[in-house]
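Colleague: I would like to learn how to read a model like this one. Could you take me through it feature by feature?

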Amino acid sequence: MTEEKVELHRGLRDVYIDRTTSSFIDGNIGKLLYRGYNIDDLAENASFEETIYLLLYGKLPNRAELDEFDAVLKANRRLPGEIIDIIKLTKNAHPMDVLRTAISALATFDPEVDDNSKEATLRKGVRLTAQAPTIVASHARIREGKDPVTPNESLSHAGNFLYMLSGELPEPEDVRLIDKDFVLHAEHGVNASSFGARVAASTQADLHCAVATGVSVLKGPSHGGAAEEVMKMALDIGNEENAESYVRDMLSRRERVMGFGHRVYKAVDPRANHLRPDAKALGERKGQPKWFSILQTVSEVMEPYARRGICENVDFWSGSIYYLLDIPDDLFISIFTMGRIPGWTSQVVEQFENNILLRPRLQYTGPMDLEYTSIDERE
Ligand code: ACO
């Protein structure tokens, strides 16, 4: 057997596939920029609405631009009745499967579905960003036998999501946490789901196809599913005293501690730095500080791994924040998805603007030139 001589890049590790102006990551020092702006400034000062505008249109909006954009987002929150019917039919599935199905179905209602021009793609990205929280919240209520809540135009994107989930006006501090969480998840280089979205776009499939692909890829526990796994681990640990032995046992079995490690960051993920104090303050505010204490102990046990570049990532703290906001654990990835749709849209526009089919190769290692025998002659 001959083996082709090729340079293999398994997992596309450190392979640059194109240029981008959407985001910049320096994994060695834990630096993240969206369109040139530091995530530290955006997380502390920008609303999700401003961040969407920045990613889609390449600049921070002035007041008039933001007001106009916000009105368009709000006007697109409602879903066609047929989508609600589809959510009812699929209500027992995982929320990410329902979200992916609803996004696919929305393609059939979007008048610009086949228009891959920059302008139409941005408009569709705005519509999908506006519609995703309504899908997720409607499904969460329908599966509990409740009616979906009509979107409230007096509330922000984050506030309206919490409102549609519970049916009650949310606390401003809770809204700020979800808003910041959306900002922190909005864009992140060519991670697995953005790569998936780009592959779809590279075939000139439309934005709905690309976003449905992104949702599919994000669902995996090695990517967006980690936040849910971290909180399951914290619940399983149960109290601070058990945390150290629990993690040491995991590591001795060579299991991965969810919420740690990253393909690009070899320092602490800067997004985790923002969520850590929020998780602590929220736990104290809700009278449940133990989840922070458990995760803090997990983090301390993992400290020696930092020397190998295995540090906290964004998912380590986000799960405990969602949990303390009474959000069911299987919705955690959907919240990540709601934040990420602007990033996928921005990268799909980039892919369309300078398109090249994303088509790598595989090294063949199987047998060669076998003799075909007729079925009656086979053993
Ligand atoms: N816990 C313990 N050890 C780990 C962890 C972890 N979380 N992550 C990586 N390692 C170890 C691996 O076992 C491996 O060790 P070895 O060289 O002795 O075999 C080494 O670090 C390198 O790991 P790779 O899998 O090669 O790193 P890769 O870049 O492919 O993986 C990934 C990155 C998938 C994120 C990985 O760190 C992981 O599985 N983490 C847990 C899941 C998680 O938190 N995912 C969310 C990532 S952030 C996001 O998607 C938003």
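Modeller: Happy to; we will go through the sheet, some backbone angles, a helix, two buried residues and the ligand site. Keep in mind that this is a predicted model.

Colleague: Let's begin with the sheet. In what order do the strands lie, and is the pairing parallel or antiparallel?

Modeller: To read a sheet, follow which strand sits beside which. Here three strands form an open sheet in the order 1-2-3, and the pairing is antiparallel. Strand 1 and strand 3 (37–38) are at the edges with a single partner strand each, so one side of each has no neighbour in the sheet.

Colleague: How many bridges join strand 1 and strand 2?

Modeller: Strand 1 (residues 23–26) pairs with strand 2 (residues 31–34) over four bridges, in the antiparallel sense. You can follow the register residue by residue: phenylalanine 24 faces leucine 33 in strand 2, and isoleucine 25 stands opposite leucine 32. As a general idea, side chains in a regular strand alternate between the two faces of the sheet.

Colleague: And which residue stands opposite tyrosine 34 in strand 3?

Modeller: That is tyrosine 37. Strand 2 and strand 3 are also antiparallel, and their pairing runs over two bridges.

Colleague: Now the turns. Which residue takes a positive phi in the hairpin of strand 1 and strand 2?

Modeller: Look at the residues linking the two strands and check the sign of phi. Between strand 1 and strand 2 there are four residues, and in this hairpin glycine 30 has a positive phi near 70°. The hairpin of strand 2 and strand 3 has two residues between the strands, and there arginine 35 takes a positive phi near 45°. Arginine 35 is a residue other than glycine, and it lies in the loop between strand 2 and strand 3.

Colleague: Where does aspartate 14 lie, and is it buried or exposed?

Modeller: Aspartate 14 belongs to the segment before strand 1. It has a positive phi of about 60° although it is not a glycine. Its relative accessibility is 68%, and exposed means over 50%, so aspartate 14 counts as exposed.

Colleague: On to helices. How many residues of helix 9 are buried?

Modeller: Here you go along the helix and ask which residues are covered. Helix 9 (residues 192–202) is mostly covered, with eight of its 11 residues buried. Among them are Ser194, Gly196, Ala197 and Arg198. The buried residues of helix 9 pack against helix 10 (207–218) and helix 16. Just after helix 9, glutamine 204 shows a positive phi of about 70°.

Colleague: Why does glutamine 347 count as buried?

Modeller: Buried means under 20% relative accessible area, and glutamine 347 is at 2%, so it counts as buried. Glutamine 347 lies in helix 16 (residues 332–353). Not counting residues up to four places away in sequence, glutamine 347 touches Ser22, Glu187, Gly189, Val190, Ser194 and Arg198.

Colleague: What about glycine 283: is it buried or exposed?

Modeller: Glycine 283 is buried, with a relative accessible area of 1%. It is found in helix 13 (residues 270–285). Leaving aside neighbours within four places in sequence, glycine 283 is in contact with Gln288, Pro289 and Leu324. For a view along the chain, take serine 320: it is 37 residues from glycine 283, yet their C-alpha atoms are separated by 8.5 Å.

Colleague: Last, the ligand. Which residues come nearest?

Modeller: Start with the shell of residues around the molecule, then look for individual atom pairs. There are 19 residues around the ligand, and Arg256, Val257, Gly259, Phe260 and Arg263 come nearest. By type, the shell divides into seven nonpolar, six polar and six charged residues.

Colleague: And which atom pairs should I look at?

Modeller: Try three that involve an oxygen atom of the ligand. A polar side-chain atom of arginine 13 lies 3.1 Å from a ligand oxygen. For arginine 254, an N or O atom in the side chain is 3.4 Å from a ligand oxygen. With asparagine 313, the distance from a side-chain N or O atom to a ligand oxygen is 2.9 Å. As for cover, the ligand on its own has 930 Å² of accessible area, and the protein covers 74% of that.

Key. Residues are numbered from 1 along each chain as its sequence is written. This is a predicted model: local features need pLDDT of at least 70, side-chain atom pairs count only at pLDDT 80 or more; totals for chains, interfaces and linings use all residues. Side-chain values use heavy atoms; hydrogens and water are left out. A residue is near a molecule or strand if one of its heavy atoms lies within 4 Å of it. A polar contact is a pair of N or O atoms within 3.5 Å; within protein, one must be able to donate a hydrogen and the other to accept it, and residues adjacent in sequence count only if both atoms are side-chain atoms. Accessible areas come from the Shrake-Rupley method with a 1.4 Å probe; for residues, only the protein chains shown count as cover. Ala, Val, Leu, Ile, Met, Phe, Trp, Tyr, Cys and Pro count as nonpolar, Asp, Glu, Lys and Arg as charged, and the others, Gly among them, as polar. Buried means under 20% relative accessible area, exposed over 50%, partly exposed in between (1.4 Å probe, protein chains only). Contact means heavy atoms within 4.5 Å. Two strands pair if DSSP finds at least two bridges between them.
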